[in-house]
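User: I would like to go through this model by question and answer, beginning with its covalent cross-links and then turning to its packing and its charged side chains.

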Amino acid sequence: MRNSNKNAAVLLLILLFLSSSTSTCNAHLSSQFYDHTCPNAVSTIRSVIRTAVSRERRMAASLVRLHFHDCFVQMTVAARDASVAVGGPSWCVKLGRRDSTTASLTLAQTELPLATDDLQTLLSNFARKGLTAEDMVALSGAHTLGQAQCITFKDRIYNDGSDIDAGFASTRQRRCPATGGDQNLAALDLVTPNSFDNNYFKNLIQKKGLLASDQILFSGGSTDSVVSKYSRSSATFKSDFASAMIKMSEIDLLTGSAGQIRRICSAVN
């Protein structure tokens, strides 16, 4: 609990810094947006991220996932620097975006992918945001980091299905009992849970995807070839992941007079 509180505090400080540094007069995004108004912004964020990740490696997964959730439903430098801190790719981040005046639980529940989604649902969900099937598979590779709660994969490891390796299911059952333990955590990538690499895709080929929505990417469907490609080349995966993160960061942007610069990150002005 103590580590969780520290992580939450660090994350809040990062978000506050990002929000309070945004200029009100420039409606155009640019990687040089803060060069004159706040020249130390990017380096300060990078330093904070490195410190946070060195203290708790799981922070990298939290920040990358937060970027995904935020962009998908209406932050960005922190996610890039978190990726780099654990061996992942870097990418050019356009700065100057503003904060939304709303936070919709309904949008979060209807637009964010679920751990049980089938392939067509996932493809349609991402397509509505202007993202391709290849983008979706690349972004799913973020599950090379982080953990999932037992409740999100319990059905998968106890259903004796043909799409899961029996030994893998047995190993996962040790931390996720058939009854209870719903909040227990398990690494999404059992091999290298704190490193950004392409083992996630190698796991899928071996039927060792933790979530049903992970394994469905390699199940005889249209995305099998993309999974195979990334399993063979970490460099290709990282390059495509960076490109997809840039595309995702530009979904429903708020600039200029749209949105606002929140004085307190967690509340509308």
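User: How many disulfides does a search of the whole structure find?

Analyst: This is a predicted model, in which local features need pLDDT of at least 70 and side-chain atom pairs count only at pLDDT 80 or more, while totals for chains, interfaces and linings use all residues. Residues are numbered from 1 along each chain as its sequence is written, and side-chain values use heavy atoms, with hydrogens and water left out. Taking a disulfide as a pair of cysteine sulfur atoms within 2.5 Å, the search of the whole structure finds 1 disulfide.

User: Which parts of the chain does the disulfide of Cys150 and Cys176 tie together, and how many residues apart in sequence are they?

Analyst: The sulfur atoms of Cys150 and Cys176 are 1.7 Å apart, and the link is right-handed, with 70° about the S-S bond. Helices (H or I, at least four residues) and strands (E, at least two) are DSSP runs, numbered from the N terminus. Cys150 lies in the loop between strand E1 (147–149) and helix H8 (154–158), and Cys176 in the loop between helix H9 (166–173) and strand E2 (185–187), so the pair ties together parts whose separation in sequence is 26 residues.

User: Is Cys150 buried or exposed, and what is its relative accessible area?

Analyst: Buried means under 20% relative accessible area, exposed over 50%, and partly exposed in between (1.4 Å probe, protein chains only). Its disulfide partner, Cys176, is buried at 0%. Cys150 is likewise buried, with a relative accessible area of 0%.

User: Which element gives the largest share of the largest nonpolar core?

Analyst: A nonpolar core is a set of buried Ala, Val, Leu, Ile, Met, Phe, Trp, Tyr and Cys residues joined through side-chain atoms within 4.5 Å. Of the 39 residues in the largest one, Met136, Leu139, Phe201, Leu217 and Phe241 touch the most other members. Elements that give two or more residues to this core include helix H2 (41–55), helix H7 (133–140) and helix H13 (234–249). The largest share, 6 residues, comes from H13.

User: Asp189 is buried yet has no salt bridge, so which side chain of opposite charge is nearest, and how far away is it?

Analyst: Asp189 is placed in the loop between E2 and helix H10 (199–205), and its side chain makes a polar contact of 3.0 Å with that of Asn203; such a contact is a pair of N or O atoms within 3.5 Å, where within protein one must be able to donate a hydrogen and the other to accept it, and residues adjacent in sequence count only if both atoms are side-chain atoms. For charge, Lys and Arg count as positive and Asp and Glu as negative, while His and the chain ends are not counted. A salt bridge is a side-chain nitrogen of Lys or Arg within 4 Å of a carboxyl oxygen of Asp or Glu. The nearest side chain of opposite charge to buried Asp189 is Arg172, at 6.5 Å.

User: Which residue forms a salt bridge with Asp135?

Analyst: By this rule the count comes to 5 salt bridges. Asp135 counts as buried at 8% relative accessibility, whereas its partner counts as partly exposed at 36%. The pair links distant parts of the chain, helix H7 and helix H13, 112 residues apart. With the closest N and O atoms 2.6 Å apart, the partner of Asp135 is Lys247.
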